[in-house]
Amino acid sequence: MAGAVGARYAEACRELQASYPQDLDVVAILVDALLGVRPWQLWDLRTGDPVEGVPTLEAKEHIEQALAVPEARRHPGLLHFAVHLMEMSPTPESALWVADWSRQVVPDGGHLVHMPTHIDVLCGDYRRVIETNELAVEADERYLAERGPLNFYSLYRAHNLHFVMYGAMFLGQSEVAVDAGRRLEATLPPELLRVQSPPMADWLEGFFPMTMHALIRFGRWQEIIDEPLPEDQQLFCTTTAVMHYAKGVAHAALGDVDQARAQRELFRAAVERVPASRTVFNNTCQDILQVASAMLDGEIDYRAGEVESAFAHLRRSVELDDALPYDEPWSWMQPTRHALAALLMEQDRLEEAEQVYREDLGYEPTIPRANLHPDNVWSLHGYHECLTRLGKHELASVVGRRLGIVRAQADVPVTASCACRLSAMGEAAVAAAGPLPLGFGTPTGEGAGSEESGCCH
């Protein structure tokens with residue numbers, strides 16, 4: 001209801017609320033209307049200011065006044081809208097109390113159970129992201145048993161499993177992430193995607209290939225190569241493109257540049273078949289696949305020994321990733337900075353890598369709040385290793401304490417921020433890939449493989 005219609009509706013709701021100023025249901029209706037004037041455009045992500053012409057602060061004032069009343073802290077609508085209001089803001093942590101109030105207000109409403117994790121994930125509480133969304137999935141399963149999968153709510157069932165994956169990937173929990181991806185696939189059967197009205201494929205098919213991102217995250221290259229392509233590649237067009245991207249990255253990591261280039265050609269052809277109407281919530285699949293394209297170019301060039309070209313592509317992928325419209329989970333599953341920084345470290349470009357990790361973790365004020373990934377195990381590891389190898393031992397000690405806590409929750413050894421950094425992934429990975437690119441320098445002193453550096457073997 002955005003635009004002129006949304007503005008008129010909001011004005012009508014203002015008049016209604018003026019007549020019933022103490023009615024929490026009416027306040028919730030008004031806040032919903034105010035947020036709908038320009039959906040998902042409440043805050044300027046770059047400046048942190050409210051978007052001009054959007055009643056962001058008006059909505060915030062109504063919510064704050066309402067939540068001062070204790071009974072409002074059990075109102076599902078007000079809590080729901082408060083999370084959405086603050087998640088795009090420069091201070092999502094200010095809604096942590098709201099998130100906690102809302103966790104069990106409607107225990108059978110999967111989407112409402114899940115809502116607090118829009119704040120949790122921005123604050124780096126990935127363990128709670130997993131736990132809360134699993135509770136939401138349990139509620140979804142009860143709904144599924146009653147109503148089946150052929151309905152609009154399947155979008156929200158997919159959303160909750162997507163969130164489980166996202167949290168698990170940041171926490172280094174490979175089995176949880178891959179399992180959630182497989183469950184996500186299972187909850188999106190072809191008969192659901194073939195529903196024409198509403199256009200379920202446009203809204204849901206982009207979720208289907210998420211498992212590929214988890215497999216890349218954990219360097220499970222042979223599994224990616226062995227994964228069969230969809231039988232119906234027209235229906236599963238985004239899936240086909242993502243799988244060719246993943247197979248290209250896998251072949252590159254295993255040192256087969258020719259096969260990686262062949263997969264890149266198949267990827268580019270598949271992207272052409274993805275309609276502009278296909279989305280993952282706020283992002284078009286075409287825009288998401290542009291990030292994949294730059295990433296794949298970078299990975300291939302790196303393995304071909306064209307290091308500077310590779311870094312140019314990877315930096316471009318960071319720009320594209322940062323520029324995606326706001327979404328939670330973010331539409332690109334593994335932050336592009338993780339690969340860029342990992343390969344910079346493999347080339348002994350430690351100061352550059354340190355800067356990239358600082359950006360990802362939120363230690364640089366120039367990066368939009370929504371693009372930060374606080375306390376994720378991958379960047380904490382990389383940042384700690386950079387600090388150690390650069391001799392910044394006091395700061396490394398501080399970061400190391402946090403890293404130790406976070407890394408203890410991973411189910412795999414965390415030795416690099418991206419599995420594409422073969423020198424940190426063990427002898428088997430390096431042997432399978434063949435020679436490293438020209439310019440590679442073997443770490444010396446407090447290197448990647450030492451306990452002091454924060455690596456885990």
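Here is a quick tour of this protein, from its overall build to its empty spaces and one buried serine. Keep in mind that the model is predicted. The fold is mostly a story of helices, with 23 of them alongside 2 strands. There is one largest pocket of about 670 Å³, plus 5 cavities of 30 Å³ or more.

**Overall build**
- The protein's radius of gyration is 23 Å, which agrees with the value near 23 Å that a compact globule of 457 residues would have.
- Along the principal axes, the C-alpha atoms fit in a box of roughly 75 × 55 × 40 Å.
- Buried residues account for 58% of the 457.
- Looking at contacts with a separation of 6 or more, 67% join residues 24 or more positions apart.
- The accessible surface adds up to about 18300 Å², and carbon and sulfur atoms own 54% of that.

**The largest pocket**
- Its space comes to about 670 Å³, and of the 27 residues lining it, P39, W40, H84, Y156 and N282 are the closest to its centre.
- Helix 1 (4-19), helix 2 (24-35), helix 4 (76-87) and helix 9 (154-171) each chip in at least two lining residues.
- The lining mixes 15 nonpolar, 9 polar and 3 charged residues.

**The largest cavity**
- This one has a volume of about 90 Å³.
- Its lining includes H213, W221, Y245, M295, E299 and W332, among others.
- Helix 13 (210-217), helix 15 (237-253) and helix 17 (285-303) each provide at least two of the lining residues.
- Sorted by class, the lining has 8 nonpolar, 2 polar and 1 charged residues.

**The second largest cavity**
- Here the volume is about 70 Å³.
- Helix 13, helix 15 and helix 17 each give two or more residues to this lining, and helix 17 gives the most, with 3.
- Among the lining residues are G206, P209, H213, V242, C285 and S331; H213 is also part of the lining of the largest cavity.
- By class, this lining splits into 7 nonpolar, 4 polar and no charged residues.

**A look at S317**
- You'll find S317 in helix 18, which covers residues 307-323.
- With a relative accessible area of 0%, S317 counts as buried, because that label applies under 20%.
- Leaving aside residues up to four places away in sequence, S317 touches V291, A294, M295 and T336.
- One of those partners, M295, also helps line the largest cavity.

Note on methods. Residues are numbered from 1 along each chain as its sequence is written. This is a predicted model: local features need pLDDT of at least 70, side-chain atom pairs count only at pLDDT 80 or more; totals for chains, interfaces and linings use all residues. Side-chain values use heavy atoms; hydrogens and water are left out. On a 1 Å grid over the protein atoms alone, a cavity is a set of points where a 1.4 Å probe fits but cannot get out, and a pocket is an open set with protein on both sides within 12 Å along at least five of seven lines; lining residues have an atom within 4 Å of a point. Grid points are joined across faces, edges and corners, and a volume is the space filled by probe spheres set on the points. Helices (H or I, at least four residues) and strands (E, at least two) are DSSP runs, numbered from the N terminus. Ala, Val, Leu, Ile, Met, Phe, Trp, Tyr, Cys and Pro count as nonpolar, Asp, Glu, Lys and Arg as charged, and the others, Gly among them, as polar. The radius of gyration is taken over C-alpha atoms; the globule rule is 2.2 Å times the number of residues to the power 0.38. Buried means under 20% relative accessible area, exposed over 50%, partly exposed in between (1.4 Å probe, protein chains only). Contact means heavy atoms within 4.5 Å. Accessible areas come from the Shrake-Rupley method with a 1.4 Å probe; for residues, only the protein chains shown count as cover.
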